[in-house]
Amino acid sequence: MHRPWTADLGDGTYRNPVLNADWSDPDVVRVGDDHYLTASSFGRAPGLPLLHSRDLVNWTVVAHALDRLEPSADFAVPRHDRGVWAPSLRHHDGRFWIFWGDPDHGIQQINSPHIDGPWSAPHLLKAGKGLIDACPLWDEESGEAYLVHAWAKSRSGIKNRLTGHRMSPDGRELLDPGTTLVDADALPGWFTLEGPKLYRHDGYFWILAPAGGVETGWQGAFRSRDFFGPYEERVVLAQGRTDVNGPHQGGWVRTAAGEDWFLHFQARGAYGRVVHLQPMRWDAEGWPVIGDAGEPVAVHTKPAAPEQPVAAPAVDDDFPGGRPGRQWQWTANPRPDWITADAGEAGDPGQAGDLGQAGDLGQAGDPGQTGDPGQAEGSGQAEGSGPARDGLRLSCVRTAYAHDLRLLPNVLVQRLPAEEFTVEVDLALDSDEPGAKAGLAVLGDAFSWIGLEAGVDGTPLLVHRFAEGVAAHERDAAEPRASPGGRARLRVEVTAGARCRFSADTGDGFRPSGQVFAATPWRWVGALLGLFATAPAGTGPAGAARFTAFRTTD
């Protein structure tokens with residue numbers, strides 16, 4: 001299986017970014033020799049992706065912690081920039097814990113004895129608007145538990161402030177009304193302080209928190225002998241002379257070998273927030289020094305860690321057993337009828353919300369083991385799967401909103417996997433319902449897609465459509481043309497700047513279609529690759545579309 005980007009250079013060094021895709025707002029924890037990472041998943045389901053690595057360089061997706069977003073009814077439709085913001089991942093008392101802020105509902109918490117679940121149902125720890133970026137701390141020295149969070153001005157009218165609470169050890173109750181730990185309005189030059197991560201080190205409470213805005217900010221460190229302050233501050237990572245804009249917001253981890261490392265994001269427009277790995281040490285005054293004297297590194301010696309195969313999150317998919325791999329998410333809480341079995345086919349093709357959970361992720365009772373990390377992503381590695389069950393069959397879901405992919409909950413999406421790549425997929429449309437359609441999309445604030453549509457007489461046509469960010473309705477990007485047999489091989493070539501060239505092969509070779517499309521992000525989410533199938537509003541089944549051999553190349 002091809003992977004468009006590999007961070008491991010194979011000579012004992014790595015290059016940044018270690019995750020060259022939109023793994024926004026990362027946090028990391030170590031259990032034994034294993035490292036686990038989670039990231040913002042916003043309104044997509046399943047949410048809270050969980051990645052595994054032994055060496056902090058080679059990562060694979062092993063699970064998702066959140067099957068459905070809550071309140072479930074609120075996420076029955078797309079909420080692209082809402083939902084799960086900046087989660088924190090911790091391991092305490094034999095359990096994994098994830099805390100996050102939903103800017104419209106409040107701070108939520110889930111936990112599990114094993115990284116692959118089962119995870120508890122979300123518990124609303126603190127209700128309210130604008131409560132974001134929550135992080136817990138269980139202080140082993142005192143036995144106390146704490147929580148810190150930031151604020152979204154868009155919902156609360158408050159920003160640039162970090163609030164702290166004492167918390168019950170079971171993570172289910174806050175024990176006080178909250179205290180302002182850091183008011184960055186009182187710090188000259190500091191603005192948009194958010195994304196705090198809370199630690200205990202060398203007798204201090206530490207809050208590592210970004211400031212200065214997503215695109216151009218810096219990483220701050222705050223320390224105090226007492227949780228409630230006062231805190232002193234220092235800038236510990238900034239762009240400096242490098243080309244890494246806004247190197248901030250992430251997590252610190254100490255490896256089993258005793259080395260300190262910091263993972264953070266860099267905002268890269270349509271590509272989203274890619275993840276960098278920085279070395280970290282402590283200076284003579286006890287402050288962290290991240291990167292090369294406070295500036296990001298491009299290439300560095302790998303962490304001292306057990307041997308691990310070169311790996312990266314899966315992109316390609318043969319959809320063995322009719323199910324998508326863990327690299328895929330829906331744009332809202334899924335329904336089970338979005339994926340359908342072939343007529344007369346025995347067996348269960350999987351529920352729409354069950355994305356690539358096949359396979360053994362490790363032995364029960366051992367939270368530090370996840371099996372072979374090179375084989376952890378299930379459906380994405382399908383070369384040996386039987387052809388009779390390969391291929392993803394999406395129902396042509398009836399909807400009144402087929403004119404705008406941004407409004408559809410049944411778009412199956414994954415991140416753009418590199419700056420430059422080509423993606424292809426085979427599509428067969430099994431519907432003669434006029435207006436039934438399916439395709440391969442690049443989806444963001446603007447979108448474009450190429451695929452097949454049943455014409456007014458049911459004849460399959462190759463169509464290419466797009467919509468600008470300000471448009472409420474898609475329109476043709478090229479003239480429709482016949483597609484004999486209702487089959488096509490679809491292609492999108494993505495070049496620097498996320499410029500996308502669409503083409504298709506309907507039996508006479510690949511032919512380019514339309515103008516170059518510039519992918520765009522939403523406000524907080526990078527552009528996505530998507531597969532979908534829809535039909536006009538009405539009653540009764542409208543057919544299905546089969547996708548096979550989803551492939552990427554450089």
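In the predicted model, four strands form an open sheet in the order S10-S11-S12-S13, and their pairing is antiparallel. The edges of this sheet are occupied by strand S10 (131-138) and strand S13 (179-183); each has a single partner strand, so one side of each is left without a neighbour in the sheet. Direction ignored, neighbouring strands of the sheet are turned by 25° against each other on average. The antiparallel pairing of S10 with strand S11 (residues 145-151) extends over 6 bridges. Within this arrangement, Leu-131 stands opposite Trp-151 in S11.

The chain as a whole contains 1 helix and 37 strands. Its radius of gyration is 23 Å, close to the 24 Å that the globule rule gives for 554 residues, so the chain is as compact as a globular protein of that length. Along the principal axes, the C-alpha trace spans about 75 × 50 × 45 Å. Of the 554 residues, 61% count as buried. Contacts that link distant parts of the sequence were also considered: among contacts between residues at least 6 apart in sequence, 61% join residues at least 24 apart.

The buried nonpolar residues were examined next. In soluble globular proteins, nonpolar side chains tend to be buried together. In this chain, the largest nonpolar core has 68 residues, of which Trp-59, Leu-263, Leu-490, Leu-531, Phe-547 and Phe-550 touch the most other members. Strand S27 (residues 421-430) supplies the largest share of this core, with 5 residues. Another core, of 39 residues, lies apart from the largest one and includes Leu-137, Ala-209, Phe-222 and Phe-227. The surroundings of Leu-263 illustrate how segments of the chain meet. When neighbours within four places in sequence are left aside, Leu-263 is in contact with Val-18, Pro-26, Val-28, Leu-37, Leu-56 and Trp-59, among others. The contacts of Leu-263 also include Gln-249, Gly-250 and Gly-251, as well as Val-275, His-276 and Leu-277.

Several loop residues were then considered individually. Gln-308 lies in the loop between strand S22 (299-301) and strand S23 (329-330). With a relative accessible area of 5%, Gln-308 is buried, because this value falls under the 20% cut-off. The side chain of Gln-308 has polar atoms placed close to the backbone of two residues: one lies 3.2 Å from the backbone nitrogen of Asp-55, and a polar atom of the same side chain lies 2.6 Å from the backbone oxygen of Asn-58.

Gly-458 is placed in the loop between strand S29 (447-454) and strand S30 (460-467). This glycine likewise counts as buried, at 13% relative accessibility. Residues up to four places away in sequence not being counted, Gly-458 touches Ser-431 and Asp-432. The C-alpha atoms of Gly-458 and Glu-433 are separated by 5.9 Å, although the two residues are 25 residues apart along the chain.

Backbone geometry was examined at two peptide bonds preceding proline. The bond from Asn-16 to Pro-17 is cis, with omega near 0°, and Pro-17 lies in the loop between strand S1 (13-15) and strand S2 (27-31). A cis peptide bond also joins Gly-117 and Pro-118, where omega is about 5°. Pro-118 belongs to the loop between strand S8 (106-112) and strand S9 (123-127).

Positive phi values at residues other than glycine form a further topic. Thr-192 has a positive phi of about 50° although it is not a glycine. The residue is found in the loop between S13 and strand S14 (197-201), S13 being an edge strand of the sheet described above. Thr-192 is buried, with a relative accessible area of 17%. Ala-293, which is not a glycine either, has a positive phi of about 55°. Its place is in the loop between strand S21 (288-290) and S22. At 63% relative accessibility, Ala-293 counts as exposed, because the cut-off for exposure is over 50%.

Notes. Residues are numbered from 1 along each chain as its sequence is written. This is a predicted model: local features need pLDDT of at least 70, side-chain atom pairs count only at pLDDT 80 or more; totals for chains, interfaces and linings use all residues. Side-chain values use heavy atoms; hydrogens and water are left out. Helices (H or I, at least four residues) and strands (E, at least two) are DSSP runs, numbered from the N terminus. Buried means under 20% relative accessible area, exposed over 50%, partly exposed in between (1.4 Å probe, protein chains only). Contact means heavy atoms within 4.5 Å. Two strands pair if DSSP finds at least two bridges between them. Axes are lines fitted to C-alpha atoms, for helices over the stretch in contact, and angles run from 0 to 180 degrees between N-to-C directions. A polar contact is a pair of N or O atoms within 3.5 Å; within protein, one must be able to donate a hydrogen and the other to accept it, and residues adjacent in sequence count only if both atoms are side-chain atoms. A nonpolar core is a set of buried Ala, Val, Leu, Ile, Met, Phe, Trp, Tyr and Cys residues joined through side-chain atoms within 4.5 Å. The radius of gyration is taken over C-alpha atoms; the globule rule is 2.2 Å times the number of residues to the power 0.38.
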